[in-house]
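Here's a quick tour of some charged pairs and one helix packing. Have a look at the model, then read on.

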Amino acid sequence: MSSAPTSKDASKKPFLTDVKTLRERARQNMSDGLITTTYGGDVKKAIEILQSVLATEIVCVLRYTMHAITATGISSEGVKAEFAEHAKEEQAHMMSVAERIDQLGGAPNFNPEGMATRSASQYAEGENLIDMIKENLVAERIAVDHYRELIRYFGDDDPSTRVMLEGILSVEEEHATDMHDLLVAHEGTPPLKD
C-alpha cells in the first residue's frame, strides 16, 4: 500500500518555476533558440565535441560503404549486406548529430579537410574480408568507449544531447556485437577476449 507523498518527499524534488516566470523567460533572448538560462552545459564546448562525433560518424559511413562495395570472397554477400546496413545506420547517426549541432547554434562541419583528425575512429580499408571485419570491430569498440565517456560528460547538463548519444551508443554496441560474431564465424575461433 503506497501512501501520499509527505512534505519531506516533496523537498527532495527539484524546484519548479511558476508558469508566469517561465513565460517571461521564454520571451527574453529569443535569438538564442533553445539555449535558455536552464541549459547547464557549455554550448561552445558541446558544439566542439559534437563536431568530433560528426566526423567520427562520417568516417564510419565512408568505411562501411567502402567495405560494402569492395568485400569479396565466397561468403562475402552476407557480410556486404551487413556493412551496407551499418553504413545506413551510421548515416542516420550523422544526421542526428548534425541536427543537434544546428539546434545548439553551431554549423555542422562536413568539410572533408581535417576529417580524419577530428574523428575518433580511423578510415581503414582492409586487405581482405577478415581485415575489413576487424577494422570495423576496432572502430565500433572505439565508438562505444567514446560515447560512454561523452554520455557521462553531458549528464544532466545537456540531457537532450546525452539521450541522443545513448541511442547512438545502443546501435554502436549492436554493431560491435555483429562484427565480433562475423569475425568468429569467418575465423572459426572462439569469441575474442577484451
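Is Asp-158 buried or exposed? In this predicted model, Asp-158 is buried, because its relative accessibility is just 1% and the cut-off for buried is under 20%. Its salt-bridge partner is Arg-100, which is buried too, at 6% relative accessible area. The two sit 58 residues apart, so to speak in distant parts of the chain: Asp-158 belongs to the loop between H6 and helix H7 (159–187), and Arg-100 to helix H4.

That pair is one of 5 salt bridges in the structure. Here are three of them, with the closest N and O atoms:

| Pair | N to O distance |
|---|---|
| Asp-158 and Arg-100 | 2.8 Å |
| Arg-162 and Asp-156 | 3.3 Å |
| Lys-45 and Glu-48 | 3.5 Å |

Arg-162 is buried at 18% relative accessibility, whereas Asp-156 is exposed at 70%. Both join Glu-166 in a network of salt bridges. Lys-45 and Glu-48 share helix H3 (residues 43–70), sitting 3 residues apart, or about one turn of the helix. Lys-45 is partly exposed, with 32% relative accessible area, and Glu-48 is partly exposed as well, at 48%.

Now for the helix packing. H4 (residues 76–103) and H6 (residues 129–154) pack at about 30°, their axes 11 Å apart, which means H4 runs roughly parallel to H6. Their crossing is left-handed. On the H4 side, the contact uses Ser-76, Val-79, Phe-83 and Glu-90, while H6 brings Leu-129, Met-132, Ile-133, Asn-136 and Glu-140. By type, the contact residues split into 5 nonpolar, 2 polar and 2 charged.

Definitions and conventions:
Residues numbered from 1 in each chain as written. Predicted model: local features only at pLDDT ≥ 70, side-chain atom pairs only at ≥ 80, totals over all residues. Heavy atoms only, no water. Axes fitted to C-alpha atoms, helices over the stretch in contact; angles between N-to-C directions. Helix = DSSP H or I, 4+ residues; strand = E, 2+ residues; numbered from the N terminus. Parallel < 35°, antiparallel > 145°, perpendicular 65-115°, else oblique. Left-handed = near helix turned anticlockwise from the far one by under 90°. Contact = heavy atoms within 4.5 Å. Nonpolar A, V, L, I, M, F, W, Y, C, P; charged D, E, K, R; others polar. Salt bridge = Lys/Arg side-chain N within 4 Å of Asp/Glu carboxyl O. Buried < 20%, exposed > 50% of the residue type's maximum accessible area, 1.4 Å probe, protein only.
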